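Subject: Structure handover

Hi,

Here is the structure for you to look at. My notes follow below it.

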Amino acid sequence: MSRTSQLFELQQVDTESDERLRRALSINHALGETESLRAARAAREAAAAALGEAQKALRAASHEVETLSEHLATQSKRLYDGTVKNPKELVAIEHDIVQTKQVRSAREDTLLEAMEAVDARQAEFDAADRALALGETEWERSQEGLLEEKDAVDTQLKALRVRREKLIPGIDWADLQLYERLRKAKHGVAVAAMANDICQACRVTIPGGTARSARQGHTFVTCPSCGRLLHPGERGEMVR
Ligand SMILES: [Zn+2]
């Protein structure tokens, strides 16, 4: 195997590892609560609080109407059961009954509005509750899938590490240094495949003489455009 081929093989292992690592990172990022699930939970909490407030208002309105009705009953009884004899006082009671009835009528309107508000808040809460339940089901399913994929990616990374460890002893130390330096400088790609005399990393056509030298594989040939080592892609592999 030529020195370029050795580095090219190493490059493929590293490129694949880079991809798997990126995927592992995004899986880690996606594990745990998602933004939409948090939003659904917050929406349900807000709907529950609004429902609670509406129910409280309904209880208060209902209590007020009840109190006014009790007062009316007491006053009506006093008016007709003969316990009050004083005409002035009887007039005052009559007046109070008229006034209380007016107030109660207004409070009954409030009570109706409060009932309608409770119905509306209840419907909103039910919708938010259903949305959260649906979101949680979807989330659990996605978490399961992600965990399975994470296991698979970890296994692939382990296999790639083993492959790399097997390759390293066969590569000349200076070549390895060159490779690492280029990889760092060239966004992870030190060795580019050359297919149809085109550098697959930067897509530039390699001049005839340079392309010929690269195909012979006796020495390291670099792409005149991007500076990466060129490997004739006779195996059809592409370095992305
Ligand atoms: Zn290039």
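Helices α2 and α3 are roughly antiparallel to each other, because their axes cross at roughly 160° and angles over 145° count as roughly antiparallel. Bear in mind that this is a predicted model.

More on that pair. Helix α2 covers residues 35–80, and helix α3 covers residues 87–167. Their axes come within 6 Å. The crossing is left-handed. As for who makes the contact between α2 and α3, the residues there divide into 29 nonpolar, 11 polar and 14 charged.

Next, the domains. Domain 1 takes in 3–13 and 172–232. Domain 2 runs over 31–167. Taken over C-alpha atoms, the centres of the two domains are 67 Å apart.

Then the sheet. It is open, has 3 strands and follows the order β2-β1-β3. The pairing is mixed. β2 (198–199) and β3 (229–232) are at the edges. Each has a single partner strand, so one side of each has no neighbour in the sheet.

Strand β1 spans residues 191–195 and pairs with β2 in the antiparallel sense, over 2 bridges. Look at methionine 194: its bridge partner in β2 is cysteine 199.

Helix α1 (residues 3–30) packs on this sheet. α1 touches β1 and β3, and its direction makes about 95° with that of β3.

Start with the α2 and α3 pair, then move on to the sheet.

Best wishes

Conventions. Residues numbered from 1 in each chain as written. Predicted model: local features only at pLDDT ≥ 70, side-chain atom pairs only at ≥ 80, totals over all residues. Axes fitted to C-alpha atoms, helices over the stretch in contact; angles between N-to-C directions. Helix = DSSP H or I, 4+ residues; strand = E, 2+ residues; numbered from the N terminus. Parallel < 35°, antiparallel > 145°, perpendicular 65-115°, else oblique. Left-handed = near helix turned anticlockwise from the far one by under 90°. Nonpolar A, V, L, I, M, F, W, Y, C, P; charged D, E, K, R; others polar. Domains from an automatic or database assignment. Pairing = 2+ DSSP bridges. Contact = placed C-beta atoms within 7 Å.
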